Amino acid sequence: MLASVETDGSVHMTDQRIFDLTEGESAPERLKWLYDGFIEGAEVTIERVRMAPVDGDGALAGEWTELPETTFLLPWRGGGGPEHDAWAYDKFQHTLYAFVDAMPERVMFEVVYRVEDAIEAFDDAADFQWLYVPQDYDVALADVRAEVVLPVAADDSVKVMENVYAWGHGPADGEVDIRSDGTVIFTDPAVEPTMYAKARVMFPVEWLTNLSEEARLANQGTLQYYWTSRYEETWVDTDTSQEVIRLGLALGLLGLSAALLLAALIVWWRWGRERPPAFRDDYWMNPPADAMAPAVLGRLWRWNHESPDDIVATVLDMVRRGVLEVRDDELVIPAAGEGLAKENDAADAADVADAERAVLDTATLRLLRAVSAGGRTLTASKLSVLAHEHPRDLLEASAAWQRRLTALVEPYGFFDTASRRAQHIVLGAAIFLAVVAVAAIIWVSWRAGVLALATAAAMGVLGNYTMRRSPEGNDIAAHAKALRNWMRDGGWSLEGDKLAPDERAALIPYAYLFGALKSLGFGASADAGDADAGDAATAVREKAPMAAGVAAASGAPAGAAPADEAAFLAALAPVFSQSLDEALRAAHKRAEVS
């Protein structure tokens, strides 16, 4: 880039850039240059834009092609352009656009333009400031060379840092060279998209022999050499010290990241690895824990994470035991106290399983009555209406149910206490490091910040796997995995005839929790993330009645009931699951909007 300073205070510019598209990049639909950063009142006029192919050494490999000018249209800021090759200048945003359909892999663009009133005149000096690389490009600029040619008076000469001063701001490896012929050269090996490069040159104001009287009197009474030179020297010193500080902070951040990651690895090695379970078999055909409600096992299965799947599994278990009934195309909800132990009497139940189920049954009925607006029946359409008209009621009822389940899960001690504490510490350290990394990206070094952010992410993954199950919980989980394997690998079809109908039905809630319904040959998988589950529940979305959807999902003919209770529950699972998931998603969206 060449800037020739004229004696009237204007600057004639020639900007040559090579665009290299040989690395497999597709040619952009347009190129742009930002010509901003001159003093207030300066006016840019584009005189010519042309292009020519170049070879690997940057030498011209063909003839220049002149691009015609076209009027800039505001919609082009967001994309698009004229129907033919042309250039246009957006004077309000100081941006030049070049629109070219077919572009060589290596091409040089030359822009010639003029900047009027680009020099600020003072009593003793003329001041030229040039932002030759703004922070506005998507890719780095390499091998940047910007030359300023001064109009040295015939009876004067250049005295470096006496009557001609020059400073460069931008990359730390940039250089400034003031030559005796009045040429000042600024070089930068590379300027990243997050950086800028700026030149400032001061020279005797007497060299501007054709400066207008208005420009000469604009800053009358102001001496610039003394104060500007000291200001720039202070700036350079401050920038150097800040660079040293930033380097020290970046190295400290990298050291902290390495130390925290090593500590997280040690914590995971010490507390995160699972203990070998007492149960080692690959297959198991019975419920993993007789004295445990399916929803409680669901929490153990997914590491205590809440999920609507636990509600669905509980509803399936309640339908199996006759507490709930699907009749006349609706889920029938018994009245309070009807055929159900009261929650405060749950502790007096015959065994732990009955006590748990009594508590969960009560909580589930409370939830169903809430979503059915106190009615005795529930359909998919009622769920949808509540989600859209009273989203917070649905979310609060679901949260209350989850809290009740949490209270049942905690006494089991499924998860190792020491590993839970270690997990909280690792995750807390990861969050702290992520916050520091974001601050470093903004104020210190984006490279160090990105590395620290990646370390924080790695620590988050380690923290997620740091918590381990207790020996008892791990043994129950091993039984659950073996049961899942038995269902998934065909044991159901081989041993199904040996199971009593009630035993087959009792396994369906667990098959739903494990996402193994499809493996049992009942059609759609109950996994909430499975696309087949959505296909099976289409009947509910189209036909709101619950039993109609069950019949469709089970593959039974219209009006026919599923083959047995297990098939009925397997068909009900994806139907109710899809309805509940859609209602909860809609409620979350409505609650966020409101």
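Let me begin with a definition: a residue is called buried when its relative accessible area is under 20%, exposed when that area is over 50%, and partly exposed in between. With those limits in mind, please look at Trp 303, which at 27% relative accessibility counts as partly exposed, because that value falls between the two cut-offs. I should say at once that we are looking at a predicted model, and every value I quote is computed from it.

Staying with Trp 303 for a moment, you will find this residue in the loop that runs between helix H3, residues 294-301, and helix H4. Its phi is positive, at about 60°, although Trp 303 is not a glycine. There is another residue to set beside it, Asp 143, where phi is near 55°, again a positive value in a residue other than glycine. Asp 143, however, lies in a strand, namely E11, which covers residues 141-149, and at 69% relative accessibility Asp 143 counts as exposed, since the limit for that class is over 50%.

The loop that holds Trp 303 leads us to H4, so let me turn to how that helix packs. Helix H4, residues 308-320, packs against helix H7, residues 391-409, at an angle of about 80°, and the two axes are 10 Å apart. The two helices are therefore roughly perpendicular to each other. On the H4 side the contact is made by Pro 308, Asp 310, Ile 311 and Thr 314, while H7 contributes Ser 398, Trp 401, Gln 402 and Leu 405. If we sort these residues by class, the contact between H4 and H7 has 4 nonpolar, 3 polar and 1 charged residues.

Next, the strands, and I would like to spend some time on E10. Strand E10 spans residues 125-133, and 9 of its 9 residues are buried, so this strand is mostly covered. What does E10 pair with? One partner is strand E9, residues 119-121, which runs antiparallel to E10 and is joined to it by 3 bridges; here Ala 121 stands opposite Ala 126 in E10. E9 and E10 form a hairpin, with 3 residues between them. Another partner is strand E15, residues 197-204, which pairs with E10 in the antiparallel sense over 7 bridges, and in that pairing Gln 129 has Arg 200 of E15 as its bridge partner.

E10 also takes part in an aromatic pair. Tyr 132 and Phe 186 form a tilted pair, with 6.2 Å from centre to centre and 45° between the planes. Because Tyr 132 lies in E10 and Phe 186 in strand E14, residues 183-191, the pair ties together parts that are 54 residues apart in sequence. Are these two residues buried or exposed? Tyr 132 is buried, with a relative accessible area of 5%, and Phe 186, at 0%, also counts as buried. For the model as a whole the count of aromatic pairs comes to 19, and elsewhere Phe 72, Trp 76, Tyr 97 and Phe 99 form one aromatic cluster.

A smaller piece of strand pairing is also worth pointing out. The strands E16, E17 and E18 make up an open sheet of 3 strands in that order, with antiparallel pairing. The edge strands are E16, residues 325-327, and E18, residues 377-378, each of which pairs on one side only. E16 is joined by 3 bridges to strand E17, residues 330-332, and these two run antiparallel; within that pairing, the bridge partner of Glu 325 is Val 332 in E17.

To finish, let me take two single residues. Val 11 has its place in strand E2, residues 11-20, and counts as buried, with a relative accessibility of 0%. Leaving aside neighbours within four places in sequence, Val 11 is in contact with a list of residues that includes Ala 3, Tyr 113, Val 115, Ile 119 and Phe 128. The C-alpha atoms of Val 11 and Asp 117 are separated by 8.0 Å, and these residues are 106 apart along the chain.

Asn 464, by contrast, belongs to helix H9, residues 446-464, and counts as partly exposed at 42% relative accessibility. Not counting residues up to four places away in sequence, Asn 464 touches Gln 423 and Leu 427. Its C-alpha atom is separated by 9.6 Å from that of Trp 268, which is 196 residues away along the chain.

Conventions. Residues numbered from 1 in each chain as written. Predicted model: local features only at pLDDT ≥ 70, side-chain atom pairs only at ≥ 80, totals over all residues. Heavy atoms only, no water. Pairing = 2+ DSSP bridges. Helix = DSSP H or I, 4+ residues; strand = E, 2+ residues; numbered from the N terminus. Buried < 20%, exposed > 50% of the residue type's maximum accessible area, 1.4 Å probe, protein only. Contact = heavy atoms within 4.5 Å. Axes fitted to C-alpha atoms, helices over the stretch in contact; angles between N-to-C directions. Parallel < 35°, antiparallel > 145°, perpendicular 65-115°, else oblique. Nonpolar A, V, L, I, M, F, W, Y, C, P; charged D, E, K, R; others polar. Phe/Tyr/Trp six-rings, centres within 6.5 Å; stacked < 30°, edge-to-face > 60°.
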